[in-house]
Amino acid sequence: MVAGLSDGAVVVFALIGVALVLFVTELIPNDVTAIGIIVSLAALEPMTGVGSRQAISGFANTATITIVAMYMLSAGIQQTGLVQRLGLSLARFTRGSETRALAATVLTTGPIAGFVNNTPVVAVFIPMITDLAEKSGVSPSKLLLPLSYAAILGGTLTLIGTATNLLASEFAAELLTRGPIGMFEFTALGVVILIVGIAYLMTVGRWLTPARIPADADLVTEFDLEDHLTQLRVRRNSAVVGLSVDELEAQMESQVRILRLRRADAVFLASETDQRIQAGDILTVHGSLQAVNAFRENQGLRHLTRADITEETFAETPGADILAKAVVPEASRFVGETLAETRLEEFHQTTVLAIRREGTLIRTGLDEIRLQTGDLLLVQTVPESVQYFTDTGALLVVEESTYTRLLEAELEETAPLSSKTPVAIAIMAGVVGVAALDVLPIVIAALGGVFLMIVTGCLSTADAYDSVSWNIVFLLAGVIPLGIALEATGGSEVIADVLVATDEYLPLVAVLLLFAIVTGLLANVITPVATIVLMIPVAVDAAMELGAEPFSFLLAVMFASATSFMTPVGYQTNLMVYGPGGYEFTDFVRVGAPLQFLLAGVTTVGIVLLWGL
């Protein structure tokens, strides 16, 4: 046994160590890791002190249920058309000015994120902002990172702003001699944090944010596909004459895919046509230079010189195929599947030509690649599929021409408000009001709101269940009993003792700042949800040992875990803009680190002034 630690604490720390490695490396999905934590804690009950009932208690936790309900309520608001309408108005107002575009983006996103789940807000705004950037002659990279950061900042405004706030409220009720945190109890400090964050993004952050993607970048160039897209003319004596595209691809051994067939002025999408190939036809193919050259020679085809393929090549035939970028969102049903398993080409006339993942371009062997959250796909698709992906949330499509048409049309036609809009807004306002006035606990108010949304027709049951990020729910349910085990075995007291020891060298306010900094750094690595579960018991124990105000230490951990800017995996909205912005990992450190430490200081001072030590 390690000195000062019980056998149980050693086991729990070992589990935490394994979990941290898995969270950071993502060898398996984080929600699967959380399930493993549940099983391990229950299996090792004599040492962890967590029985089977406690191990699964996270599923019945008030915060978990509230978060599920808030996902559903956000979906109801999303379907009113308000967010899309706001996005279009924003794009129209700011076109042509980078400063106005940046200011309107962060000033709009922040307040909305205090009441509506920020993931769908960012999902709606990404295509709008990308198109706006192009029309303004601005790199989308200059706007997308501030978009994500503003959404994170807005989460500090209210109790329902983020999952971490709700978890902190649950801990406040369990660990302290007070009830749950009120709906607007910390809003004053949240407003200060939002203002300071926006001021940073408009000044220092704007200067530090790189322009990774040129404003006028062609998609073929952006994904470096000049040597992977080729046009070939069919000769009279070619072996492919008389074959259908399916028959040709069935007998091909090379890693080449047929994308489209052009005959005179007609264009046929390879994934849907049954046309027989004729002499003179032009085939657009995708593959490495070596594979395409081998295919050309084997089939007796001729390479079209002076026929470079660009994004415009796919857009020159209205109503046919287009090139577009698509982000794989966290809740996508394609996450974890290989491209072959998604059957995108077969069912949705969509072919993936390249994948950008964490700054790396993947252009070959695509069928065997398993899709991950945040992957940016370059796809050849059709307008109908773009609409399907948008409606279902399977992919977040960034297709410029669609939003150009929206911007040029009448606002009432392109973003009409639902007839249920007043009802949905009234329900959401009622949930916030009832919880703020402490008429009902937030969990009951939120569930009541979901009930009313469904029975009034604002939200269907299918859409309600589809709106929930179930991986986040399982992550919550898995890490909550880990916090219970840490407390039961005395592990949190041991960590608190180590941090309390700094009191000999640091004033109390500096110890509070240290908690904020350590929590923020940890949240950037293992997700805010896991961090707050591990750190709040430690912070409360430390405050009690120091004779300080435990609620102040709890708030420091809550704010720090909710504001993680330094990595793309620190917050899900960071991951959503990672690919579309063309960012590198270091961009988040360069822009996010100063903001992280600035807000740690602001939070510490604000807590001392408002709640004391």
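Is D224 buried, exposed or partly exposed, and what is its relative accessible area? D224 is partly exposed, because its relative accessible area is 39%, which falls between the 20% limit for buried and the 50% limit for exposed. The views below come from a predicted model, and D224 appears in the opening one.

**View A. A salt bridge joins R363 and D224.** The closest N and O atoms of this pair are 3.1 Å apart. R363 sits in the loop between β8 (360-362) and β9 (376-381), while D224 sits in the loop between α13 (219-222) and β1, so the partners come from distant parts of the chain, 139 residues apart. R363, like its partner, is partly exposed, with a relative accessible area of 23%.

**View B. R263 and D281 form a buried salt bridge.** Here the closest N and O atoms are 2.8 Å apart. R263 belongs to strand β2 and D281 to the loop between β3 (266-269) and β4, so their pairing ties together parts that are 18 residues apart in sequence. R263 counts as buried because its relative accessibility is 18%. Look also for the backbone oxygen of R276, which lies 2.7 Å from a polar atom of the R263 side chain. Other residues that R263 touches include F268, Q275, I277 and Q278.

**View C. Helix α15 (residues 289-299) has its buried residues on one side.** These residues are A291, V292, F295 and Q299. They lie on the same side of α15 because they cover an arc of only 95° around the axis. Their packing partners are β1 (229-234), α14 (245-251), β2, β4 (282-286) and β5 (301-303). Turn to the other side of the helix and you will find Q290 and E297 exposed. After α15 comes G300, with a positive phi near 70°.

**View D. Seven residues form a nonpolar patch on the surface.** The members are I35, V39, I56, F59, Y465, W470 and F474, and together they have about 660 Å² of accessible area. Helices α2 (30-43) and α25 (470-488) each supply at least two of them. Y465 is in helix α24 (residues 461-466), and it counts as exposed because its relative accessibility is 52%.

**View E. More salt bridges can be found elsewhere in the model.** R343 and E346 meet through their side chains, at 2.8 Å from N to O, and R343 is partly exposed, with a relative accessible area of 39%. R212, E584, D587 and R590 are linked in a network of salt bridges. The structure holds 12 salt bridges.

Technical notes. Residues are numbered from 1 along each chain as its sequence is written. This is a predicted model: local features need pLDDT of at least 70, side-chain atom pairs count only at pLDDT 80 or more; totals for chains, interfaces and linings use all residues. Side-chain values use heavy atoms; hydrogens and water are left out. Patches are made of residues with over 30% relative accessible area and no salt bridge: like charges are joined within 9 Å, nonpolar side chains (Val, Leu, Ile, Met, Phe, Trp, Tyr) within 5 Å. Accessible areas come from the Shrake-Rupley method with a 1.4 Å probe; for residues, only the protein chains shown count as cover. A salt bridge is a side-chain nitrogen of Lys or Arg within 4 Å of a carboxyl oxygen of Asp or Glu. Helices (H or I, at least four residues) and strands (E, at least two) are DSSP runs, numbered from the N terminus. Buried means under 20% relative accessible area, exposed over 50%, partly exposed in between (1.4 Å probe, protein chains only). A polar contact is a pair of N or O atoms within 3.5 Å; within protein, one must be able to donate a hydrogen and the other to accept it, and residues adjacent in sequence count only if both atoms are side-chain atoms. Contact means heavy atoms within 4.5 Å. The arc is that of the directions from the helix axis to the C-beta atoms. Lists of a residue's contacts leave out its neighbours within four places in sequence.
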